[in-house]
Amino acid sequence: MSPFNGDFLYQQNAPTTSQLPAFRLAAFRRPDRAGAEKAPTAATIEQRVSSLLAQMTLEEKVGQLNQYSGRELTGPASNRKTDLLNSIRSGQVGSMLNVKGVADTHAIQAEALKSRLKIPLLFSLDVIHGYQTVFPIPLGEAASWDLAAIRESAHVAGREAAASGIHWTFAPMVDVGRDPRWGRVMEGAGEDAYLGSQIAKARVLGFQGEKLGGTDAIMACAKHFAAYGAALAGRDYNVVDMSEQQLWEVYLPPFKAAADAGVATFMNSFNTLNGIPATGNSYLQRDILKGQWKYPGFVVSDWGSIKEMVPWGYALDKAAAAQKAITAGSDMDIESDAYSASLAQLVKDGKADVGLVDDAVRRILRKKFELGLFDDPYKFSDAKREKKVLSDPQHRVAARQMAQKSIVLLKNDKNMLPLAPQRKIALIGPLTKAKRDLAGSWIVLADTTQITSVYDGLTKRGGKNAPQVLYTKGCEVLGDSRAGFAQAVETAKAADVVVLTVGETWDMSGEAKSRADIHLPGVQEELFQTLKATGKPIVVIIMAGRPLIFNAIADQADAILYGWWPGSESGTALANVLYGEYNPSGKLPSTFPQSGGQIPISYQQYSTGRPVTKPGDIRYKSAYIDAPNTPRYAFGHGLSYTTFKYDNLKISQLSMSAGQTVQVQFTVTNTGQRAGEEVVQLYLRDMVASVARPLKELKDFKKISLKPGETQTVTFTIDQDKLAFYNQQLQWAAEPGEFQLMIGSASDDIRLESKLTLVP
């Protein structure tokens, strides 16, 4: 048992009001009348920060800039534990990572309050897609295109984490990712800057609420700043080399959206950008973030990224790395020991500006005041609230709803789905009974035995929809053993329909999980082909952390559901979709390639000087001669159990000038027999510009719900901003000329088109 898990330490270590510094008492004395206290204004917080900063020694200032992982603090005695406790008690630590739960956060906070100025710690954790309740991985959530649901997912995760003593999560990851070999695509929102920006805002507001300080929310962190999603060859921790125009147009917008949404912190990235490590990149952190964007929060390094500037060959040693990092605008050091070891001496030697140190400390203290930690250092460590929140049954309901919305119906030949009741099912595949794998990478507290497997989801159904299920595993995710094939064939022959579960294990996508070959691993696709030979109809469920290549399945399966890693309610959500209790509405946030040679890949292709204008006519054109030139599944693709008709396009005016807006109106009708949701997508193309423009760019979308036969009028507003781009001078501007307007169900399924002219 952790030595910090008892009430005795709470009573012994928690300071009384009389022990708190006078400046804190004056700033936060509670009024006599209950409920009359008002939240401090930004101006009074700045006064309090300045008052505290004036009392701090240089060493105490540097202490606020250090974060350490605290797993050892809740374990047995060790030298590391002793050193950490001593550092905390002497005010040499500003934040702790990987300490969770009311008992431990309360007790370790008490250690911080033994320091001279009793400055409370920030407790942080990688709460990426859930705390105790596991939601689908972020890329899966992005497939919902449902901003309200995504915000609710982040809110539940933040609520659970906050109830467990956590103040701060290292999420959302808002990197645009166009290379599915990169394992961290699972943490982001896909390939598109516009969709990614909307989701970034939703997640920030979900984690934080409208304003910091509530005990049902935590600080968010926009990461990784910047361009990490473009790491060369899809390899983690690798170089990035790109034009300024691409940086501003594709990779920075989600970060700007997060900043505009009030995200409390930024995290810099492991990559270099055009030769400069992001952690030491003044252009990113000083010029753009804190300069042009006037960002008031603070920047934290990624784990060890300050000291990693040494092996990059950008800093001679760790002291030089500390000097470069603080100069560039990296405020807090995670696990490099660079600031703690060197920064104070660098200031004394005149090699680092104390004003930069003060600015970093001010930014960190500001967040501690905004959270209310100087008023009540233990406000997030409430055992009763922790028990109540973590037992809230509505959280799993939210997880199930989010999982259902994330599932993408890729294929459904002859309306194979939904399954008819009482058909005998052969449930086959290595992920059929999996639980841990369905949670995916980055889980922090979940009891994975409580995750609903696909087998559970189908076999626990009752009533008239209770299926007769036959099960065999068939093969493993990895390896070349075909020993289970024969039994799989016999099982399939005894059933009416085969439901085959394939994909990746949880540790095949995520940080440090880059893959050169993203084909469906092992012999899983061979198992599919063996089962296909039986003549039985086959529904394939693919669960993975990234887009995969599965051409045989794509060509021959009767139906395909892409479930990503769906989280706590995986099996129930998938069963509900299989049986039509939920009509799938997910749309791909990433393009799925047919060949690894197509990577990196995005729907935002350019015409080139020699475009392919006719299928098959590729002679001396920009095309591959040995592989397909189109993706397997396009960005925005996703089917439904019903059908939708787009009609009656009306545009308020066919030309517009600067400052004007154009209303684009049309109708969508549910022409099928089931209620369903449709994600209506607006794309634009600038036909001629001073910089070559993509063939289409997503500029807006709406998710609508329609009953059978129902028609809804949808309106998009086009303003000058939707027509703008970054020109050669990196100015955001719209140039006069003609624009192609496209409305559709996917980037390759355009239903309505028109032209719009921007006049001088």
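# Notebook: pockets, strands and odd backbone spots

**Entry 1, the largest pocket.** I started with open space and found that the largest pocket has a volume of about 1200 Å³. I kept in mind that this is a predicted model. I then looked up the lining, which comes to 35 residues, with Gln605, Asn629, Thr630, Pro631 and Leu695 nearest the centre of the pocket. Sorting the lining of this pocket by type gave me 16 nonpolar, 14 polar and five charged residues.

**Entry 2, closed space.** Next I went through the cavities and noted seven of 30 Å³ or more. The largest cavity has a volume of about 100 Å³. I listed 14 residues around the largest cavity, and those nearest its centre are Gln64, Gly91, Ser115, Lys118 and Ile119. By type, the lining of the largest cavity splits into seven nonpolar, four polar and three charged residues.

**Entry 3, helix α5.** Gly91 made me curious about its surroundings, and I saw that this glycine comes just after α5 and has a positive phi of about 75 degrees. Which residues of helix α5 are buried? In this helix, which spans residues 79–89, I found Lys81, Leu84, Leu85 and Ile88. Looking down the axis of α5, I saw these buried residues fall within an arc of 100 degrees, so they line one face of the helix. That fits the general pattern: an α-helix has 3.6 residues a turn, so residues three or four places apart point the same way. I also checked what the buried residues of α5 pack against, and wrote down β1 (66–69), β2 and α6 (102–112).

**Entry 4, an open sheet.** From β2 I moved on to its sheet. Five strands make up this open sheet, ordered β4-β3-β2-β1-β10, with parallel pairing. Its edge strands are β4 (168–169) and β10 (333–334), each pairing on one side only. I zoomed in on β2 (residues 95–97) and β3 (residues 122–125), which pair in the parallel sense over three bridges. There I saw Met96 opposite Phe123 in β3.

**Entry 5, Ser330.** Close in sequence to that edge, I picked Ser330, in the loop between α13 (318–328) and β10. Is Ser330 buried or exposed? I noted a relative accessible area of 0% for Ser330, so this serine counts as buried. Leaving out residues up to four places away in sequence, I found that Ser330 touches Asn268, Thr279, Gln285, Val299, Val300, Ser301, Ile306, Ala325 and Tyr339.

**Entry 6, strand β12 and its two partners.** Four of the five residues of β12 (residues 424–428) are buried, and I marked the strand as mostly covered. With β13 (residues 468–472), I noted five bridges and a parallel run. With β14 (residues 497–503), β12 shares four bridges, again parallel. Ala426 is a handy place to look: its bridge partner in β13 is Leu470, and its bridge partner in β14 is Val498.

**Entry 7, an antiparallel pair.** How many residues of strand β21 are buried? I found seven of the ten in β21 (residues 697–706), so the strand is largely enclosed by the rest of the structure. Its pairing with β20 (residues 676–686) is antiparallel over nine bridges. In this pair, Leu684 has Glu697 of β21 as its bridge partner.

**Entry 8, Ala257.** I looked up Ala257 in helix α11 (residues 253–260). Its relative accessible area is 15%; buried means under 20%, so Ala257 makes the cut. Ala257 and Gly196 are 61 residues apart in sequence, yet I got 8.9 Å from C-alpha to C-alpha.

**Entry 9, cis peptide bonds.** I came across a cis bond from Ala171 to Pro172, with omega near 10 degrees. Pro172 belongs to the loop between β4 and α9 (193–208). Another cis bond joins Phe225 and Ala226, where omega is about 5 degrees. Ala226 sits in the loop between β5 (221–225) and α10 (244–251).

**Entry 10, positive phi outside glycine.** Asn274 is not a glycine, but I noted a positive phi of about 50 degrees. I placed Asn274 in the loop between β7 (272–273) and β8 (276–277), and its relative accessible area of 36% makes it partly exposed. Asn648 also has a positive phi, near 60 degrees. I found Asn648 in strand β17 (residues 644–651), where it is partly exposed at 43% relative accessible area.

How values were computed: Residues numbered from 1 in each chain as written. Predicted model: local features only at pLDDT ≥ 70, side-chain atom pairs only at ≥ 80, totals over all residues. Heavy atoms only, no water. Pairing = 2+ DSSP bridges. Helix = DSSP H or I, 4+ residues; strand = E, 2+ residues; numbered from the N terminus. Buried < 20%, exposed > 50% of the residue type's maximum accessible area, 1.4 Å probe, protein only. Contact = heavy atoms within 4.5 Å. Arc of directions from axis to C-beta. 1 Å grid on protein atoms, 1.4 Å probe; cavity = no way out; pocket = protein on both sides within 12 Å on 5 of 7 lines; lining within 4 Å. Points joined across faces, edges and corners; volume = space filled by probe spheres on them. Nonpolar A, V, L, I, M, F, W, Y, C, P; charged D, E, K, R; others polar.
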